[in-house]
Amino acid sequence: MTGKYQEEIKQGLGRLLEEGKLAGKRVVIFGSNGPAEQMASFLESQDGSSGINSAHVECFVDNNRKKQGTQVMGKPVYSPQGYLTPFDGDIRILIASKYYSEMCIELESFGYRQGEHIFEVVHIETEGRNSLLMETFKGNVKKAEEGFKLLKRIKEKTGGAYVFLCPYAALGDVYLAGGYLESYCQKEKINSYVVVVITEACVEVLGMFGITCVEKVTKDGMEALVKACIFMGLKECGAGILHQRFPYPVALGRAGNYKGIDFNGLFAAGVFGLEKKNFQMPVKGKHIKEVENVFQQMGLRKGRTVLLAPYANTATGLPSGFWEGRAREYLDKGYSVVTNSSGEKEPAIEGTEKVFIPAGWMLDFAEYAGCFEGLRSGLCDLVASSGAEKTIYYPGRVYQDGQFYDFYGLRNMWPGMDIKEVVV
């Protein structure tokens, strides 16, 4: 889930709390995915001390039978019909899903009404925004035309190089793309290429693999490029999209956890037609001098520093006080402890110093520090091959045909890697 939606969820819930629409009510969250966890986490963090009414999440409801009977963040998951019927006017149902309309139809059949019992906390657009309306078609054609012009400029700038698109800013996705790209180009006999990304952090991650021919575009520019390549044809455009969600509307990502398929395996076979053994790990030591300077400036000690990474977009934060406890334990043992932070919205854990580490330095920083603990995110991929002691925490929730850990677990992705993993 993007940072944009996370912020909108906080704003949406903040308005509901300020207006008192949840006060004294039985709050139920429809869905048990990432956005649902973000809503629950935010509400649980509001204790009323700030002058805003607080609300307690009673449970989750979900139509996925595999999730029913499980727990998310320590709260039970029930079927909508089993928990929400008969009608109870004190129930307030919160939704942050692209299936909001379908959910409302089901809830209204139980007697609940939008704006009174049902609240769409944030509007999440459907992937691709496709429909048979002529207005939508014309809009997509216009966007594709813009993308084709941008593609032409990139090819002219790079001497007609093959164009690879990394459509999302997720660092773990870009890391996998970077590690397989050389093997793929050898297989397909691609001699000259350029990789297009949307953030500077993605540029840095590709640099870990020695990939320097990179173009950065805006998010809108990337959307236009993707539409152009799908509309015109990838082969005809001399381009490839490095993500399992494209080019088909039925995402290959749905195969995640099917018969044990993990994230790395899905990316290797689904995107590149390769095997895990074809992945080329990044070279260590490229930014060791920069890391040494940071350690010297902050008074940190090589091999006796702990890097905490408590923030993630995909996995919901851990219970209140968890990271403070981890920091105290290390501090009591004489370690220096720092919190990786990308800005004001990611404060340092109490008792630690805040540090911003460029994505391209992350591998060397963890190696030099000696210890890394983090909530599962793309940063964990970046440090996976380091020699640091690594502890990764995962949310105990369902993902496709299995658990979140089954699909994203680093030891599943990289068999034999020395990593301690904990499902919370």
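This passage describes a four-stranded sheet, the helix packed on it and a neighbouring topic, the contact of two helices. The model is predicted, with local features requiring pLDDT of at least 70 and side-chain atom pairs counting only at pLDDT 80 or more, while totals for chains, interfaces and linings use all residues. Residues are numbered from 1 along each chain as its sequence is written, and side-chain values use heavy atoms, without hydrogens and water.

Four strands (DSSP runs of E, at least two residues, numbered from the N terminus) form an open sheet in the order 9-8-7-10, with parallel pairing (pairing requires at least two DSSP bridges between two strands). Strand 9 (214–216) and strand 10 (239–241) are the edge strands, each pairing on one side only. From one strand to the next, the twist averages 25°. Strand 8 (residues 193–197) runs parallel to strand 9 and is joined to strand 9 by three bridges; V197 has K216 of strand 9 as its bridge partner.

Helix 5 (residues 134–157; helices are DSSP runs of H or I, at least four residues) packs on the sheet and touches strand 7 (162–165), strand 8 and strand 9 (contact: heavy atoms within 4.5 Å). The direction of helix 5 makes about 125° with that of strand 7 (angles run from 0 to 180 degrees between N-to-C directions, and axes are lines fitted to C-alpha atoms, for helices over the stretch in contact).

The axes of helix 6 (residues 171–188) and helix 7 (residues 200–207) come within 9 Å and cross at roughly 35°. The contact comprises L171, V174, Y175 and G178 of helix 6 with A201, C202, V205 and L206 of helix 7. Seven of these residues are nonpolar, one is polar and none is charged (Ala, Val, Leu, Ile, Met, Phe, Trp, Tyr, Cys and Pro count as nonpolar, Asp, Glu, Lys and Arg as charged, and the others, Gly among them, as polar).
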